[in-house]
Amino acid sequence: MSMSTEIDEKMERLVRWMEERRLGGVLLSKRPNFAWITAGRESGIDLSGETGVATILVAADGRRFLLTNNIEMRRFLEEDLAGQGYIPVERPWTDEQDDLEIASDLLGSVPLASDVSEYGKEIARLRYRLTAEEIERFRGLGRDAGQALGEVCRGLRPGLTEREIGRRASEAMSALGADPIVLLVAAGERLARYRHPPPTDHRWEKDGVMVVVCARREGLIVALTRIVWAGPMPEDIRRRTRAAAEVNARLLVATCPGVSGRELFAVAARAYEELGYPGEERLHHQGGPCGYLSRDWIANPASDEVVQSPQAFAWNPSVTGTKVEETWIASEDVEAITATPGWPSLEIEVDGKICSFPDIAVLGNF
């Protein structure tokens, strides 16, 4: 496996898609698409933006161009994109010429597409099926993130604020060369009140603390949640956590090529009702596939997106007060890639398949 093999496969997908649409070229400006086509390179400087400082132009004949300004070009050619075969198209940073205009100047009067136009969703779908090289990078990131977050959580003690806990998790991801693009922490009563809790100065004194991370490295993103409990854990929380794990297992078993987002949402809704927690699916989204975004799409009652193979998924079912989330690679089977070694687990069997999920860890017992 090599980077060139991965990039060649992706370029072939783009060229075939252009042939189907009778296009002469396609512009990739969004950061997830730039990372995808360049095998994990970053085009952002100001990371708050949807697009970066460079655009990739791929012509229908396979030629590839790098469009950027004179501030950035040397770095891209000498570092990030060295050896990837891009033809440089440099402009002064003071020049505000539109990328489509530049592409037209380069390729002539041919139909062009852009990922910031109505073609954006179609282009995004070209990312979903993982290459062998991407799977290996995903496995490495998942292994590292699962181990690192486990070490952080094993070191937590009551008295820490959510911000302090978040800082530890953030530093642990950064030490791996990963960016924590989502970081949530909820302690005590906030765990039951909020499904998406940014860390605050609230102090963890008793009951549970939940730490959620979406970590990005080389463009790819994994998602995982861990909960630590101080003191005796109520039996109701145990039941709710097992129910969330069973919803997750049913979703995983149903995550097969061609199955739609609306069908998967129905699987979750039916599972919650059968397990005695009807309506929980309406209180928080259930997750979906991940890759170069934390979720490429989210299963919902109207979703017509379908599962591809192989594809990464992070289902995150929750029952008020608890949640179960791990990242998996789904192909012929499903493979957990963010598992934490030595973490307490819940084994759930569905249709003869056994899936293992992170349980709540009780202080002093792990």
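**Exercise 1. The hairpin of β15 and β16**

Task: In this predicted model, determine which residue in the hairpin of β15 and β16 takes a positive phi, and which residues of β15 form its covered face and which its uncovered one.

Solution: Begin with the turn, where two residues stand between the strands and D351 takes a positive phi near 50 degrees. Next, consider the pairing: strand β16, residues 353-358, runs antiparallel to β15 and is joined to it by six bridges. Within that ladder, L346 has F357 of β16 as its bridge partner. Then sort the side chains of β15, which covers residues 345-350: L346, I348 and V350 make up the covered face, whereas S345, E347 and E349 make up the uncovered one. The general background to this step is that side chains in a regular strand alternate between the two faces of the sheet.

**Exercise 2. An open sheet and its edges**

Task: Work out in what order the four strands of the open sheet that includes β17 are arranged, and why one side of β6 and of β17 is left without a neighbour in the sheet.

Solution: The order is β6-β7-β8-β17, and the pairing in this open sheet is mixed. The strands β6 (179-187) and β17 (361-362) stand at the edges and have a single partner strand each, so one side of each lacks a neighbour in the sheet. For β17 that pairing can be followed in detail, since strand β8, residues 220-230, runs parallel to β17 and is joined to it by two bridges. In one such pairing, the bridge partner of W229 is V362 in β17.

**Exercise 3. Backbone angles outside the hairpin**

Task: Compare R22 and D207 by phi and by exposure, and then state whether the peptide bond from S309 to P310 is cis or trans.

Solution: Take R22 to begin with, which is not a glycine and yet has a positive phi of about 55 degrees. R22 lies in the loop between α1 (3-21) and β1 (25-30), and its relative accessible area of 73% makes it exposed, the cut-off for that class being over 50%. D207, likewise a residue other than glycine, has a positive phi near 60 degrees, but D207 is placed in strand β7, residues 207-217, and is partly exposed at 31% relative accessible area. As for the peptide bond from S309 to P310, it is cis, with omega near -5 degrees, and P310 is found in the loop between β9 (287-290) and β10 (311-315).

**Exercise 4. The surroundings of G52**

Task: Establish whether G52 is buried, partly exposed or exposed, and which residues it touches beyond four places away in sequence.

Solution: G52 belongs to strand β2, residues 51-59, and with a relative accessible area of 26% it is partly exposed. Leaving aside residues up to four places away in sequence, G52 touches S29, R31, S43 and G44. For S29, which is 23 residues from G52 along the chain, the separation of the C-alpha atoms is 6.7 Å.

**Exercise 5. The chain as a whole**

Task: Decide how the radius of gyration of the protein chain relates to the globule rule, and what share of its residues is buried.

Solution: The protein chain contains ten helices and 17 strands. Its radius of gyration is 22 Å, close to the 21 Å given by the globule rule for 366 residues, so the chain is as compact as a globular protein of that length. The C-alpha trace spans about 70 × 40 × 35 Å along its principal axes, and 54% of the 366 residues count as buried. Finally, among contacts with a separation of 6 or more, 64% are accounted for by residues 24 or more positions apart.

Conventions. Residues are numbered from 1 along each chain as its sequence is written. This is a predicted model: local features need pLDDT of at least 70, side-chain atom pairs count only at pLDDT 80 or more; totals for chains, interfaces and linings use all residues. Side-chain values use heavy atoms; hydrogens and water are left out. The radius of gyration is taken over C-alpha atoms; the globule rule is 2.2 Å times the number of residues to the power 0.38. Buried means under 20% relative accessible area, exposed over 50%, partly exposed in between (1.4 Å probe, protein chains only). Contact means heavy atoms within 4.5 Å. Two strands pair if DSSP finds at least two bridges between them.
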